[in-house]
Structure formats: structure tokens, C-alpha cells
Amino acid sequence: MNVSNRRIAIIGFFWVCSILLSYGYIIYYHQVEGSSDRSARDWPLNANLSLDSQKPTMVLAVHPKCPCTVATCRELARLLLRAHRPVKIYALVFTPSPNPDGEEWFNSPTMSDLKRVPLLEMIKDENGELAQSFGMSTSGDIRLYSSNRHLLFAGGITASRAHEGECAATDKLFSRIRGESSQYFEYPVFGCPITETDE
Amino acid sequence: MNVPTAESQFKLQQQEIYERTDNLFLKLFYLQWAAGILIALFVSPHTWIGASKSLHLNLYAAGILGSLISFFPVYLVHVWPGRTVTRHVVAAAQMLTSALLIHLSGGRIETHFHVFGSLAFLAFYRDWRVLGTATVVIGIDHLVRGLLYPESVFGVFSASPYRALEHAAWVIFENTFLCIAIRQSTQEMRRMAQQTVDLEQTVFDLGAATSHQQVFIASMSHELRTPLTAIIGYSELLSEAPEIQESDTMRSDVDRVNRSGKHLLELVDSILDISKIDSGRAEFNFDCCCPHRLVHDIGQVTRPMVTRNGNDFQVQVQDDLESFITDRDKLKQVLVQLLSNAGKFCENGTVTLEVVKDPSDDTLAFKVRDTGIGMSEQQMDVIFDRFVKIDDSVSRKFDGVGIGLYIAREFSRALGGSMAVESQLNLGTEFTIKVPRAGSPFLPDDEGASCPIG
């Protein structure tokens, strides 16, 4: 077909520009941090959960429908298998109240992957109130506390939204679970907001 | 005719490969676009804020960005198939598709294999530069994201910064072996192109030689026929002279001259027929033919030669035979040849010419049957070969140069039919020629009329 070089060049130019813009936006979207209040550096006194006095305690905020949290669950499972250390883990599963879907609310790929995380205790968190008491309002947010109540780690363990793979956060969390470091470390969290007020 | 050079032949093959691979990627882009949407629907259809949901950005990315990525290479494959810019755009788009699918699948490690699979597909072009474009696109993707969002690049800021180098190493590893394979394949293509050109040149030379040979044969046949006709004619005139008639010796000599002339003329005609058959220039004149009249004419011509060895000549023609379309002269020549052979190889026996209709395939079967010396299986294998006589003992006893049956079979095929033979040693032989009744659109309306024997 007789198509001029000029037409192809023009189309190609717009093609490149449109892809760059679209792709750039997608990358930006995946890098938008979720909100997370890390001002409190100790186990909250009003938390309705018990801190383990023998080993580190981890609290994980989960929105059961958030697809991005699948990556967090898989990374966490891999990390715990490597760490070979006991950890008390609470998964605070956001539950709307009232819950019109009943048990169907918890039927999702995210929940399937969450159940594969070892040592994990699932707790239904009505309207995310329990998670908010720990300053967590984004699905995938993690808090790791030492047995003496100090906050060791706060944030997510994925490099971007819904992106599996090791990153700086997984290394830091790993070292703190194994007791190799007790220095506080925080990292951005990427996931769906748990509460509507956090849009 | 201009025989192409090896380089032009190679370029032609390359172009075919480029266009064929372009079409392969055309289908692949459609497939990947659909797969991207399915992945987004399955993995991340919605994003949530509390109890409220909305369509996930990934779904828009799969549909819109997926379309954007695929549109330009698909457009180029349609308008510029096989061009250099097309396959480089295809390479770039394929790598962008890999990046998109990795995003849509949530960065699954398994999805990264799409990159390696894509490089292997791009190697189908057998152009190493295309792999370069693909690798550059991957590199730019990692570089830009590394600059803007270093955390998003796998391995950066991790405890093992060499993971990024490991990724690059695997890509380079695959590219190295693909480039080696491309180079070897290209060399093989060049060798094949050279062989193809050499073969075409040989065929061309042979064709030219054959053409010269055919022209030579045609002209020599004419040059030979003219004096032979004179020899035959004058020998016949001479045989009628009273002086010749009175002397047995002289009459015998003149007869020998006449027979030799006719034999030579027959040989020249046969050689000319072979030449026309080989060159595809044998002329045929298809027309309506009455089988009864044909058989009658053949019988009159061949009866003397068939019965000369004490043979009984029988003609059996099915009563309800209708006219059919054929080249009467060629069919007559074939049947005369077969009857001549039958009379030659049979003594004090029976030679039968039978004509029947085969309604199953709408053909007429002409059968020439004798109760003569017959043939073995080995002899039947070679009787249709040119200039082959059955064996030395036969050739010493029976004259002929061994091309009559070859010509007869070729003519049978040219008439749209076939020739078959069955034989048993010392029991006889049967040749069957089948010709289609209506092998031509020129069959006249009075096909149903039977021709009376005149």
C-alpha cells in the first residue's frame, strides 16, 4: 500500500507520545502511596489485640477485595518461610457494617492468598476501626512490634501497587523478624483505602 | 530469461520471512490484547474504597493502552508489510506489551517470561537488529522507571542490588544465543539461495539445449522426409517397369528398396512425434468420431499386417456405441500400432479388436488382444520406455526400433485417456486404451446417433 513516509512518521510520533503519557500515568498510579499514620511508635494502648511477650507481633490491614494486596500476601508468605522465626500475626480484615454480602464478602483471590500466609490469625475488623487504632488505613499496611511494644516496621512490602518482588522493605522486615535489627524502618504502602474517609 | 542472482534470491527469501513474521505478530497482537483484558478482568477488575468499588485502572489500561500499543504495529503490518521500520516497531510494541502484561498480572514472576518468549518470537525475523530494538526498549523502561521511581524497579534499593544486573544478564544470554541462531540461519539461507540459482541456471541451460535439439530434429526430419519420399515413389514406379517385373532378383531388390524407404520414413515420423510430445507441441484435432466407422477403417488398414502370420482377425464392437469426441487420426495411429504389434508377435493365433463402453466413468475401452508369445513381468516394465525392445532375441527376430508403444501411450494420455497392458508368457497380451467420451465442450448435439458401418 502506497502510504507516505511523512504520514507514518506523524502517526508514529503520536503513537510514542500517547504511549508515554498513558504508561507514565499507570506507573504514577501504581506509585501513589496510600495514607498511613505512623506517628505512634509503640503498641497502642487501646488496641483490642494482645501483644505477644515472647516474640514479635505483626498486624496486617487487609481489604478482602483489594487486588493489590495479593502481592503483599505472597511476599509475606515467602518472607516468613525464609525467616524461620516465630511471629504472632494478626490480619485485620476490613468488614463493612452492615455487611450486605455476608460471608460472600470474604470470598476473593486476596483472601485465598491471605489464608496461605503461615502463623496468621484473621480478625474481622468492622469498618476498619481496629486497623485505624494502629494508624493503618490502607490495605497491605503492616506494623511489626517487638515483644516490648516498640514499633520496628511500618508500611508496605511491595515496590509499587500490586507488584510482587523483593524490595528494600522486604529486606528490612526480614531482618527485624529475625531480630537482626531493632531500628525503626518505614516504607510507603500501596493499596486500596480501607475507609471511605481516606479517599 | 534472466536467471536471478544468489543475492537477489536471498533477498526474496528474506522478504518472504519478514512478511510472514509480520503476519504472525499481527495475530499475536490481537491475542495479547484480548489476553490483557482477560487478565485484568480476572486479577483486578475493581478498586475499592471501603465498601465502595469502581472499575480498576488496570481494566482501562488493558483495553486502552493495550489498543494503543498494538494499533501502530498492526497498522504498519497492513500498509508496509516486510519493511524494516515495521519489524522494529513490532519489536518495540512487543516489549511494551510485555511490560503491560506484567503490570496487569500484579508483577507476577511468571509473567516476566513473556519477555523471553517475545525475544524468541522476534528471532523469527532472522534480523538481529530487531532484538537490539527490543532490548533497548526494555532498557529504557527500566532506566526511566529507575530514575523516576527507583523502588519500582526490581532489585534497586534491595539488599542485593545485583538483581538488576542478573535480569540484564539473562536478557543478554538469550540475545546472544538468538543472534548466533539467526546468523547460522542466514548463512544457511544464502547457501540455499545459491543452490536455487544454480539449479535454475541448469534448468534454463537444459531448456535451451532441448529447444535447440527440437528445432534440429524438426528441420532434419523435413530434410530426411523429402528424399525418402522420392526413394519410395521412384521405387514403386520402378517396380511396375516390365524389365523389373521380368526379373525376380531385380523385383526383389526394388521391393527391398521400397520397404527400407518406408521403414526409414516411419522412423523419421516417429522421431518427429517424440520431439513434439517432449516439447508439448503435439497438435490434436478433437472432433466427433463414430466408433463403428473408426473400427471399420482401422480393420481395413490393418487386416493385411495382422493376418500375414496366419492369424485370425476378429472385430467386436458393442452395438449401442454412440459418437464420442476425440482426435480420430491420433487414436487410429495408436490402434494401428497396437494391431501391428499384435500381428507381429502372434503366429497362427487370434488377434481381436474389441470396443466396449464403460458407463461407470463414461469412457470407451479399445482392447487389442492376441494369443501370441506374451511378455513377462520384467518385459512389461520396460515396453513403454523409449528405444527399448523386449530383449535381444526378440529384437533380432522382429523389426522395429522400440518407440511405437511410447508414442502410443503418450497419445492415449493426450486424448484424455490411459493405456494398460496385461500379458502372460506364451499365452498372449491384451492392451486396453480408455478414452473419455466427452472430454471436450465441443460435443455436438447429435451425440446419440450411431454410425452405420459403410
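**View 1. B:Glu7, with a relative accessibility of 36%, counts as partly exposed.** Here "partly exposed" sits between buried (under 20% relative accessible area) and exposed (over 50%), worked out with a 1.4 Å probe and the protein chains only. What you're looking at is a predicted model, in which local features need pLDDT of at least 70 and side-chain atom pairs count only at pLDDT 80 or more, while totals for chains, interfaces and linings use all residues. To find your way around, count residues from 1 along each chain as its sequence is written, take chains as lettered from A and ligands as numbered from 1 in the order in which they are written, and remember that side-chain values use heavy atoms, with hydrogens and water left out. The partner of B:Glu7 is B:Lys11, and their side chains meet in a salt bridge of 3.7 Å, N to O. A salt bridge, by the rule used here, is a side-chain nitrogen of Lys or Arg within 4 Å of a carboxyl oxygen of Asp or Glu. Both B:Glu7 and B:Lys11 belong to helix α1 (residues 6–43) of chain B and lie four residues apart, about one turn of the helix. Helices (H or I, at least four residues) and strands (E, at least two) are DSSP runs, numbered from the N terminus. B:Lys11 is partly exposed too, at 46%.

**View 2. B:Glu188 and B:Arg191 form a salt bridge in helix α6 of chain B.** The closest N and O atoms of this pair are 2.7 Å apart. Helix α6 covers residues 162–239, and the two partners sit three residues apart in it, so about one helical turn separates them. Are they buried or exposed? Something in between: B:Glu188 is partly exposed at 37%, and B:Arg191 is partly exposed at 47%.

**View 3. B:Asp361 and B:Lys434 meet in a salt bridge.** Their side chains come to 3.1 Å, N to O. This pair links distant parts of the chain, with the two positions 73 residues apart: B:Asp361 is in the loop between β6 (350–358) and β7 (363–370) of chain B, and B:Lys434 is in strand β9 (residues 428–436) of chain B. B:Asp361 has a relative accessible area of 38%, which makes it partly exposed. B:Lys434 is partly exposed as well, at 22%. Over all chains, a search of the whole structure turns up 27 salt bridges.

**View 4. B:Leu335 is buried in chain B.** Look for it in helix α10, residues 328–344. Its relative accessible area is 0%. What does B:Leu335 touch, leaving aside its neighbours within four places in sequence? The list is B:Ile298, B:Leu353, B:Phe366, B:Val368 and B:Ile433, where contact means heavy atoms within 4.5 Å. B:Val368 is 33 residues away from B:Leu335 along the chain, yet their C-alpha atoms are separated by 7.8 Å.

**View 5. A:Tyr90 is a buried residue of chain A.** It sits in strand β2 (residues 88–95) and has a relative accessible area of 4%. Not counting residues up to four places away in sequence, A:Tyr90 touches several others, among them A:Trp43, A:Leu60, A:Glu121 and A:Ile123. A:Leu60 is 30 residues away from A:Tyr90 in sequence and 6.1 Å away in space, C-alpha to C-alpha. Pulling back to the whole chain, chain A has five helices and six strands, and 57% of its 199 residues are buried. Also in chain A, a network of salt bridges links A:Arg74, A:Asp113 and A:Arg116.

**View 6. Chain B meets chain A.** In this interface, 44 residues of chain B are in contact with 47 residues of chain A. Together the chains bury about 3900 Å², 67% of it on carbon and sulfur atoms; buried area is the accessible area (1.4 Å probe) that two parts lose on being put together, summed over both. How many salt bridges cross over? The rule finds zero of them between chain B and chain A. On the chain B side, the elements giving two or more residues are β1 (46–49), α2 (57–79), α3 (84–104) and α5 (128–148). Helix α2(B) gives the most, with 12 residues.
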